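Here is a quick briefing to read with the model open beside you. It goes topic by topic, so feel free to jump around.

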Amino acid sequence: MQRPARGAGNCAISPHRPAVVVLRPHPRLSLVLQKRSILVALALLALLAVAMTASACLGQTYISPAGVWRTLRGEQTPYGLVVNELRVPRIVLGALVGGSLGLAGALVQTVTRNPLASPDIIGVGHGAAAATVLALATGAVASPAAMPVVAVGGGLTAAALVYALAWRHGMQPSRFVLTGVGIGVALSAVVQLYLTDSELDAAEQVKLWLTGSLNGRGWEQAGPLAVVLLLALPGLVWASRAARPLGLDPDTAAALGLRVDRARLGLTALGVVLAAAATGAAGPIGFVALTAPQLARRLTRTSQLPLVCSALTGALVLVTADLVARTLVPPLEIPVGALTSLVGGPYLLWLLGRRQRR
């Protein structure tokens, strides 16, 4: 019996090789998952469940977890209105919005290969805001219920404009980001001009929406966003496979058989749709799409941005931030977008300083 070579034996038990699990649900489809990523995803899911339970219990009226559970099961309790109509729909919407923003941020940062990029940078939030204020100014939207649809259309239009202007015989990530910054500044000026010249009531309505808040929102906004996420699942499965070679340089990715420009366009379109749908549901909430993918990557220690963990991190961050915003200075409620921006600003400065030291 021939003994294996020493070099081959050392390679087989190398401690530096990440432990992976291969899933093959179909003969033509296989998924490679790292065991650490699976453990991190389970831990994030458990933390998200704890945060959602705490958010359902805490507030101006404290409800025990057992009381929340009995109310959700349909038993007659004094907390039916608070749990079923006020807190639970808001919590579910927060998780969906946070997950969508985490996924959108991971996709955009994968395309640009820049941890400082996010859907906000490429004009999705600014486009949604500009479309909303223009619709209100021209009278095209008379009902607040139509604002999410207008916001989604504005975000998609702004991202398409950025992509078209940045295209020069191919899409360069640096040009894409800079074009998005320029378009975002121009659209922000449109919003500021409207706020300056509009009536007080209309300006207050737009300012509240621009801050980003889950207050007063629920199943009416969560339902369409959940449908968007379900329809995006096949695209996310494809994106998880395309992100691996796309994380390399373009020549290497092309040599591996990936159509780089088509993959970048597909990932960008998917991220923009998710970000626009989340913005239409809750308004522009800053820094969640920026921070969630980077936090998930540091937890999983993977070379590419993990989509599942990015979604769970975004959901956990937003649900926790909304809980703090509701209970920090009762009976007042801080808009969750203001709180995430307050926390995300120092994080952005730290990330800039870290890149400069490198």
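Keep in mind that this is a predicted model. Let's start with a tryptophan: with a relative accessibility of 36%, tryptophan 167 counts as partly exposed. From there we move on to its ring partner, then to charges, a pocket, cysteines, some contacts and two backbone angles.

**Aromatic rings**

- Searching the whole structure turns up one aromatic pair.
- That pair is made by tyrosine 163 and tryptophan 167, and it is stacked, with 6.1 Å from centre to centre and 25 degrees between the planes.
- The angle is what earns the label: planes under 30 degrees apart count as stacked, and here the angle is 25 degrees.
- The partners sit in unlike surroundings: tyrosine 163 is buried at 11% relative accessible area, whereas tryptophan 167 is partly exposed.

**Salt bridges**

- How many salt bridges does a search of the whole structure find? It comes back with two.
- One joins the side chains of aspartate 322 and arginine 90, at 3.0 Å from N to O.
- Aspartate 322 belongs to helix H13 (residues 307-327) and arginine 90 to helix H4 (residues 80-112), so this bridge ties together parts that are 232 residues apart in sequence.
- Are these two partners buried or exposed? Aspartate 322 is buried, at 3% relative accessibility, and arginine 90 is buried too, at 7%.
- Arginine 90 also meets the side chain of glutamate 333 in a salt bridge, at 3.1 Å from N to O.
- That second link again spans distant parts of the chain: arginine 90 is in helix H4, while glutamate 333 is in the loop between H13 and helix H14 (336-357), 243 residues apart.
- Glutamate 333 is partly exposed, with a relative accessible area of 35%.
- Put together, Arg90, Asp322 and Glu333 are linked in a network of salt bridges.

**The second largest pocket**

- The second largest pocket holds about 620 Å³ of space.
- It is lined by 30 residues, and the closest to its centre are Pro148, Trp209, Arg217, Gln221 and Ala281.
- Which elements give two or more residues to the lining? They are helix H6 (147-166), helix H8 (200-211), helix H9 (219-246) and H11.
- H9 supplies the largest share of the lining, with six residues.
- By residue type, the lining of this pocket divides into 18 nonpolar, seven polar and five charged.

**Cysteines**

- The whole-structure search for disulfides finds zero.
- Cysteine 57 is buried, with 5% relative accessible area.
- Cysteine 309 is buried as well, with a relative accessible area of 2%.

**Contacts across the sequence**

- Glycine 266 is one to click on: you'll find it in helix H11 (residues 260-282), and it is partly exposed at 23% relative accessible area.
- Glycine 266 and tryptophan 238 are 28 residues apart in sequence, yet their C-alpha atoms are 9.5 Å apart in space.
- Tyrosine 194 is another, sitting in helix H7 (residues 173-197).
- Tyrosine 194 counts as buried, at 13% relative accessibility.
- Between tyrosine 194 and leucine 134 there are 7.9 Å from C-alpha to C-alpha, with the two residues 60 apart in sequence.

**Backbone angles**

- Some background for this part: most residues other than glycine have a negative phi.
- Phenylalanine 287 goes the other way, with a positive phi near 75 degrees.
- Where does phenylalanine 287 lie? Look in the loop between H11 and helix H12 (288-300).
- Arginine 301 isn't a glycine either, and its phi is positive at about 60 degrees.
- You'll find arginine 301 in the loop between H12 and H13.
- Arginine 301 counts as exposed, at 65% relative accessibility, whereas arginine 90 in the salt-bridge network is buried.

Notes:
Residues are numbered from 1 along each chain as its sequence is written. This is a predicted model: local features need pLDDT of at least 70, side-chain atom pairs count only at pLDDT 80 or more; totals for chains, interfaces and linings use all residues. Side-chain values use heavy atoms; hydrogens and water are left out. Rings of Phe, Tyr and Trp (its six-membered ring) pair if their centres lie within 6.5 Å; planes under 30 degrees apart count as stacked, over 60 as edge-to-face and the rest as tilted. Buried means under 20% relative accessible area, exposed over 50%, partly exposed in between (1.4 Å probe, protein chains only). A disulfide is a pair of cysteine sulfur atoms within 2.5 Å. Helices (H or I, at least four residues) and strands (E, at least two) are DSSP runs, numbered from the N terminus. On a 1 Å grid over the protein atoms alone, a cavity is a set of points where a 1.4 Å probe fits but cannot get out, and a pocket is an open set with protein on both sides within 12 Å along at least five of seven lines; lining residues have an atom within 4 Å of a point. Grid points are joined across faces, edges and corners, and a volume is the space filled by probe spheres set on the points. Ala, Val, Leu, Ile, Met, Phe, Trp, Tyr, Cys and Pro count as nonpolar, Asp, Glu, Lys and Arg as charged, and the others, Gly among them, as polar. A salt bridge is a side-chain nitrogen of Lys or Arg within 4 Å of a carboxyl oxygen of Asp or Glu.
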